[in-house]
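Colleague: I'm new to reading protein models, so could we go through this one together? Please show it first, and then I'll start asking.

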Amino acid sequence: MAGNHYKNLKIQPIEYIHANGIPFAEGSVIKYVTRWREKGGTKDLEKARHFIDLLIELESRNG
């Protein structure tokens, strides 16, 4: 189902995200933080940070 970078996990990030009804941005953070060592390195951590920053910005507008 998923790429090799998830092969050693007990549950795939998409399964966890879907089963828990996690929205897109939060799910993206989970995905990138889960795979950074096996796939994208610090680029994946930067992607996760990007989604966290977006969430902070969006929540600040609603605050």
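Colleague: Let me begin with a lysine. Is Lys43 buried or exposed?

Modeller: Keep in mind that this is a predicted model, so read each value as computed from it. Anything over 50% relative accessible area counts as exposed. Lys43 has 56%, so the label for Lys43 is exposed.

Colleague: Which residue does Lys43 form a salt bridge with?

Modeller: Look along helix H3, where Lys43 and its partner both lie, 3 residues apart, or about one turn of the helix. In general, an α-helix has 3.6 residues a turn, so residues three or four places apart point the same way. The closest N and O atoms of this pair are 4.0 Å apart, and the partner of Lys43 is Glu46.

Colleague: And how does Glu46 count, as partly exposed or buried?

Modeller: Buried would need a value under 20%, and exposed one over 50%. Glu46 has a relative accessible area of 37%, so Glu46 is partly exposed.

Colleague: Further along H3, what is the N to O distance in the salt bridge of Arg61 and Glu57?

Modeller: Arg61 and Glu57 are 4 residues apart in helix H3, so they are separated by about one helical turn. Arg61 is exposed at 59%, while Glu57 counts as partly exposed at 40%. Their side chains meet in a salt bridge, and the N to O distance is 2.5 Å.

Colleague: How many salt bridges does a search of the whole structure find?

Modeller: You've met two pairs by now, Lys43 with Glu46 and Arg61 with Glu57. Another is Arg35 with Asp44. Searching the whole structure gives a total of 4.

Colleague: Which residues are linked in a network of salt bridges?

Modeller: Start from Arg35 and Asp44, whose closest N and O atoms are 2.7 Å apart. A lysine belongs to the network as well. The linked residues are Arg35, Asp44 and Lys47.

Colleague: I'd have guessed that charged residues stay outside. What is the relative accessible area of Asp44?

Modeller: Asp44 is found in helix H3, and it touches Tyr32, Arg35, Trp36 and Lys39, leaving out residues up to four places away in sequence. Its salt-bridge partner Arg35 is buried, with 8%. Asp44 is buried too, and its relative accessible area is 1%.

Colleague: Let's look at H3 as a whole. Within what arc do its buried residues fall, seen down the axis?

Modeller: H3 has 21 residues and reaches 30 Å from its first C-alpha to its last, close to the 30 Å expected. Its buried residues are Asp44, Ala48 and Phe51. They line one face of the helix, because seen down the axis of H3 they fall within an arc of 60°.

Colleague: Then which exposed residues are on the face of H3 turned away from its buried side?

Modeller: We've already met two of them, since Lys43 is exposed at 56% and Arg61 at 59%. The face turned away from the buried side carries both of these, along with others. The full set is Thr42, Lys43, Arg49, Ser60 and Arg61.

Colleague: What do the buried residues of H2 pack against?

Modeller: H2 has 12 residues and reaches 16 Å from its first C-alpha to its last, close to the 16 Å expected. Its buried residues are Ala25, Gly27, Ser28, Val29, Tyr32 and Arg35. Seen from the other side, the buried residues of H3 pack against H2. Those of H2 pack against helix H1 (13-19) and H3.

Colleague: Which residues make up the largest nonpolar core?

Modeller: Helix H2 (24-35) and helix H3 (42-62) are the elements that give two or more residues to the core, and H2 gives the most, with 3. One contact to look for is Ala25 touching Phe51. There are 5 residues in all, and they are Ala25, Val29, Tyr32, Ala48 and Phe51.

Colleague: Last one. How far apart in space are Val33 and Ala48, C-alpha to C-alpha?

Modeller: Val33 sits in helix H2 and counts as partly exposed at 41%, whereas Ala48 is one of the buried residues of H3. In sequence, Val33 and Ala48 are 15 residues apart. In space, the distance between their C-alpha atoms is 6.4 Å.

Note on methods: Residues are numbered from 1 along each chain as its sequence is written. This is a predicted model: local features need pLDDT of at least 70, side-chain atom pairs count only at pLDDT 80 or more; totals for chains, interfaces and linings use all residues. Side-chain values use heavy atoms; hydrogens and water are left out. A nonpolar core is a set of buried Ala, Val, Leu, Ile, Met, Phe, Trp, Tyr and Cys residues joined through side-chain atoms within 4.5 Å. Buried means under 20% relative accessible area, exposed over 50%, partly exposed in between (1.4 Å probe, protein chains only). Contact means heavy atoms within 4.5 Å. The expected span of a helix is 1.5 Å times one less than its number of residues. The arc is that of the directions from the helix axis to the C-beta atoms.
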